[in-house]
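User: Please take a close look at one part of this model, the second strand and the side chains that it brings into contact with the rest of the chain. Include the cut-offs behind each term.

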Amino acid sequence: MENKKERCYTYSRVSTAMQVDGYSLDAQKDRITKYAEFQGMEIVHEYCDV
């Protein structure tokens, strides 16, 4: 029997222009991706609010 990965969507956001120009979105995406991999999840779509 094949174990299918749980599918998930990611959502990242920032609230200030400084965060957009800084590292915040990239850092969020990196942590979310690592968490999903650790949990055995498949990211099927990423949402982002700037």
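Analyst: What follows covers strand β2, its contacts, and then the related helix and cysteines.

This is a predicted model, in which local features need pLDDT of at least 70, side-chain atom pairs count only at pLDDT 80 or more, and totals for chains, interfaces and linings use all residues. Residues are numbered from 1 along each chain as its sequence is written, and side-chain values use heavy atoms, with hydrogens and water left out.

Strand β2 spans residues 41–49 and contains Tyr47. Helices (H or I, at least four residues) and strands (E, at least two) are DSSP runs, numbered from the N terminus.

Glu46, also in strand β2, forms a salt bridge with Lys29, at 3.4 Å from N to O. Lys29 belongs to helix α2 (residues 24–38), so the pair ties together parts that are 17 residues apart in sequence. The term salt bridge requires a side-chain nitrogen of Lys or Arg within 4 Å of a carboxyl oxygen of Asp or Glu. Both partners are partly exposed: the relative accessible area is 44% for Lys29 and 38% for Glu46. Buried means under 20% relative accessible area, exposed over 50%, and partly exposed in between (1.4 Å probe, protein chains only).

The structure holds two salt bridges. Besides the Lys29 pair, there is one between Lys34 and Asp30, whose closest N and O atoms are 3.2 Å apart. Lys34 and Asp30 both lie in helix α2, four residues apart, or about one turn of the helix. Asp30 is partly exposed, at 37% relative accessible area.

Back in the strand, Tyr47 is partly exposed, with a relative accessible area of 43%. Together with Tyr9 and Tyr11, Tyr47 makes a nonpolar surface patch of about 370 Å². Patches are made of residues with over 30% relative accessible area and no salt bridge; like charges are joined within 9 Å, and nonpolar side chains (Val, Leu, Ile, Met, Phe, Trp, Tyr) within 5 Å. The areas come from the Shrake-Rupley method with a 1.4 Å probe, and for residues only the protein chains shown count as cover.

As for the cysteines, a search of the whole structure finds zero disulfides, a disulfide being a pair of cysteine sulfur atoms within 2.5 Å. Cys48 is in no disulfide, and its nearest cysteine sulfur, that of Cys8, is 16 Å away. Cys48 is partly exposed, with a relative accessible area of 44%, whereas Cys8 is buried at 13%.
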